[in-house]
Amino acid sequence: MGAGGQRRRIEWWFALRLSVLLSCLETVSTQIKYSIPEEVKVGSAVGNVAKDLGLDISSLEERRLRIVSGTKDAQFEVNQNNGVLYVHKNIDREELCDSSAPCLMNLKMVVENPLEIHYVGIEITDVNDNSPSFQEKEKLLEIPESTLPGKRFQLPAARDPDVAVNAVRVYKLNHNEHFNMQIRERGDDKIPFLVLQKSLDREKQSEHKLTLTAVDGGSPPRSGTLNVTVTVLDSNDNHPIFSQEVYSITLSENVEVGTIVIQVKATDEDDGVNGDIEYFFGSQLDPKTYDMFRLDETTGEIRVKGHIDFENVDVYKLDVHATDKGQPPMSTDCMVIIKVLDVNDNKPEIEVTSLSNMISEDSKPGTVVSLISITDQDAGMNGKVICSFSEDVPFELKPSFQDNIYSLVLKQRLDRELVSYYDITITATDCGQPPLSTFRTLTIHVSDVNDNSPEFLHNPVELYLLENNDPGKSIFSVSASDKDLNENAAISYHIVRREGSHDHMASFLNINSDNGHISALKSFDFETLKTFHFQVVASDSGTPSLSSNVTVNVFILDQNDNAPVILYPVSANGSAEGVEEIPRNVNAGHLVTKVRAYDADIGYNGWLLFSLQEVTDHSLFALDRYTGQIRTLRSFTETDEAEHKLVILVKDNGNVSLSATATVIVKAVEPKEAFAASDVKSVANDEEEIHVTFYLIITLGSVSTLFLVSIVVLIVMQCSKTTDYSSKYLQDTNYDGTLCHSIQYRSGDRRYMLVGPRMSIGSTIVPGSSGNTLVIPDRRRASGES
């Protein structure tokens with residue numbers, strides 16, 4: 001190999017660099033072309049794809065530059081670090097492309113983020129690595145001696161898998177005085193013929209040994225030889241002649257077996273058996289051809305024997321021989337070229353590249369979901385495909401610069417809460433007659449984004465809580481829902497606690513962050529606190545987290561937990577006992593005294609009733625059960641005792657009644673003594689009245705303070721709520737006799753009142769209210785409606 005090999009290597013690398021340079025100039029078509037010889041060393045670089053495509057080499061590994069189709073057994077690979085396309089396996093052009101020229105390999109390459117597709121064409125150039133060869137080692141020819149000079153005899157053609165200049169270029173025959181060579185070209189084929197130059201004389205030489213040499217055009221050239229033995233025969237000196245040397249016919253694919261393709265015809269001027277002709281296929285045909293066609297040896301009819309498929313073979317070349325029955329027989333040959341016409345018998349095929357079956361609901365319009373490639377093995381209009389897909393989906397198909405390549409692109413915003421997935425049916429229809437279609441369904445799921453805040457069913461909510469609740473136990477539960485999924489819908493709860501704000505009672509509450517159960521850390525007392533409110537915040541676990549709040553208005557309900565307190569009579573030592581002196585001459589109905597009592601509870605729990613538990617003379621005194629007034633039933637007589645003891649029982653109307661007792665000693669005295677005692681007693685009672693007044697002031701001050709606080713709180717709540725949906729407490733002091741009070745509240749279009757003694761006329765008890773809740777007609781609404 002010396003200098004010649006070195007020179008050829010330089011020329012080869014020059015051609016490779018030139019082809020790469022030319023391919024780089026074709027950026028308008030966005031397709032790169034390279035050229036590389038076969039049998040190149042594994043690992044050899046073909047070209048820098050990333051550089052030629054203008055890709056950023058530093059981002060190649062992240063964008064996953066790769067070959068997705070177009071290679072057979074992975075002949076090529078691309079280095080994701082530097083973008084160099086290199087040979088991965090040994091390349092044999094003859095194995096890849098047979099005798100086709102040029103030998104082109106189309107690679108489809110994909111990069112992601114964003115998704116792009118590029119096409120790389122690689123031409124495999126031929127290297128003269130195959131020598132011409134003959135199918136048989138020796139050819140036997142029988143030539144009658146009567147054959148005239150100029151007669152031609154076809155010899156087997158040599159086969160060379162190489163193409164172009166490396167294919168068979170010339171045939172040579174060893175020097176002899178009777179024969180020479182003649183080459184005839186039939187299309188791309190070169191057929192050697194042995195031409196008789198000088199008449200044969202069997203008596204001088206009955207056999208001739210010749211050597212046919214086939215030489216290709218490579219550098220250096222390669223060759224192959226065939227031994228030709230010519231046997232000289234006598235007589236039959238006319239050979240058959242075909243009507244045409246080359247027959248050309250078209251045939252549609254998928255024709256039925258047995259269909260006549262063509263009938264070849266040859267004639268022989270000889271008579272008798274020397275003019276009887278038989279037909280047969282030449283031995284040089286591809287063995288597969290014998291499976292596709294059948295030749296009638298008598299008539300010359302060629303019929304279809306197998307399945308004709310345009311996608312497998314589009315042209316058949318049949319070598320037909322005609323031989324007479326003379327001795328020796330004479331033959332001739334012709335070429336039958338059958339061109340197969342395409343029929344629309346292949347449905348389009350849909351290939352989805354880099355399908356992402358999950359798309360975020362916050363993806364922007366224009367986001368590429370996948371690349372779709374449509375192929376059809378048919379040719380012409382039969383292979384032209386029209387693509388369509390489902391309607392009413394937020395996607396569209398955008399065609400690429402290359403036919404039958406589409407991008408599936410998002411065209412509008414998504415909302416997973418409305419539609420969580422899409423089934424997109426892509427239909428590909430060719431333009432053949434009749435058209436054929438195929439379809440493929442892509443399921444694209446929409447992934448969740450935290451775009452929904454938790455929602456409460458009602459806001460605000462009202463909680464009616466009995467006082468004296470057990471600390472630590474659950475008193476209420478709030479619940480929110482979130483339309484998102486997974487962690488975006490995982491809700492946690494907490495109570496808003498602000499120092500120094502009016503909702504300081506929130507510090508006495510605790511909430512389970514997982515289920516929203518609210519428990520009180522203290523026991524509430526209706527007499528101290530009647531209403532308060534707080535806020536609960538529900539937050540999801542998304543990033544960033546979203547939240548919403550609900551206001552809980554708490555109304556404390558009264559229980560009968562306070563016993564009546566005797567305000568009068570009260571003795572100096574604090575006991576409920578007093579002495580009353582009255583003249584003996586009083587008439588019936590005289591007011592002896594009045595027992596005064598107070599109950600901190602409200603409604604029926606604070607409605608007090610008075611009764612005589614113990615009295616010395618039932619005919620002399622009577623007690624008003626509602627006011628606590630003690631009056632005489634009749635005048636005193638001489639027989640009546642001067643001192644009477646009355647024990648008064650004061651009890652409330654709670655479910656479990658609580659009570660207290662007071663003792664009144666009534667002394668009947670003479671009128672003069674009564675007046676004197678009255679003067680003395682008035683002096684003594686002045687001091688006692690001071691104490692009673694003091695207690696009354698404290699009691700009424702406490703009640704007034706609670707009343708004012710309740711009024712302020714309820715006014716604030718009323719201002720924050722609509723008129724139609726309110727619930728508030730109102731103080732009512734329309735009672736006579738015992739110190740007592742009541743509470744009214746409204747919920748919706750109904751008004752309720754917890755009452756004490758002497759209820760307002762027109763009130764009705766609410767069923768199931770434990771006897772201390774009344775429904776009061778809303779006169780404002782009634783007057784408004786009238």
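**Exercise 1. Find the bridge partner of Ile-426 in β31, and describe how the strands around β31 pair.**

Step 1. In β31, Ile-426 has Arg-440 as its bridge partner. The model is predicted, so local features need pLDDT of at least 70 and side-chain atom pairs count only at pLDDT 80 or more, while totals for chains, interfaces and linings use all residues. Residues are numbered from 1 along each chain as its sequence is written, and side-chain values use heavy atoms, with hydrogens and water left out.

Step 2. Strands (E, at least two residues) and helices (H or I, at least four) are DSSP runs, numbered from the N terminus. Two strands pair if DSSP finds at least two bridges between them. Strand β30 (residues 421-430) pairs with β31 in the antiparallel sense, over nine bridges. Six residues lie between β30 and β31, which form a hairpin.

Step 3. Strand β31 (residues 437-447) is also joined to strand β25 (residues 358-360), by three bridges, and these two run parallel. Here Ser-360 has Ser-447 in β31 as its bridge partner.

**Exercise 2. State which strands are at the edges of the open sheet β43-β47-β46.**

Step 1. The sheet has three strands in the order β43-β47-β46, with antiparallel pairing.

Step 2. β43 (591-594) and β46 (621-623) each pair on one side only, so they are the edge strands.

Step 3. β43 is joined to strand β47 (residues 629-632) by three bridges. Within this pairing, Thr-593 has Ile-630 in β47 as its bridge partner.

**Exercise 3. For Asp-482 and Asp-599, give the nearest side chain of opposite charge.**

Step 1. Fix the terms. Buried means under 20% relative accessible area, exposed over 50%, and partly exposed in between (1.4 Å probe, protein chains only). A salt bridge is a side-chain nitrogen of Lys or Arg within 4 Å of a carboxyl oxygen of Asp or Glu. Lys and Arg count as positive and Asp and Glu as negative; His and the chain ends are not counted.

Step 2. Asp-482 sits in the loop between β35 (480-481) and β36 (492-495). Asp-482 is buried without a salt bridge, and Arg-416, the nearest side chain of opposite charge, is 7.0 Å away. A polar atom of the Asp-482 side chain lies 2.9 Å from the backbone nitrogen of Asp-484. Leaving aside residues up to four places away in sequence, Asp-482 touches residues including Asn-452, Pro-454 and Asp-540 (contact means heavy atoms within 4.5 Å).

Step 3. Asp-599 belongs to the loop between β44 (596-598) and β45 (609-615). Asp-599 is also buried without a salt bridge; its nearest side chain of opposite charge is Lys-530, 12 Å away. The backbone nitrogen of Asp-601 is reached by the side chain of Asp-599 at 2.8 Å.

**Exercise 4. Classify the partners in three salt bridges as buried, partly exposed or exposed.**

Step 1. The whole structure holds 18 salt bridges. In one of them, the closest N and O atoms of Arg-64 and Glu-112 are 3.5 Å apart. The two residues are 48 residues apart in the chain. Arg-64 is partly exposed because its relative accessibility is 39%, and Glu-112 is buried because its relative accessible area is 18%. Arg-64, Arg-66 and Glu-112 are linked in a network of salt bridges.

Step 2. Arg-93 and Glu-94 meet in a salt bridge at 3.2 Å, N to O. Both Arg-93 and Glu-94 are buried.

Step 3. Lys-209 and Glu-138 form a salt bridge with the closest N and O atoms 3.9 Å apart. Lys-209 is in strand β13 (residues 207-216) and Glu-138 in strand β8 (residues 138-144). Lys-209 is exposed because its relative accessible area is 55%; Glu-138, at 39%, is partly exposed.

Terms used: Polar contact = N/O pair within 3.5 Å; in protein donor to acceptor, adjacent residues only side chain to side chain.
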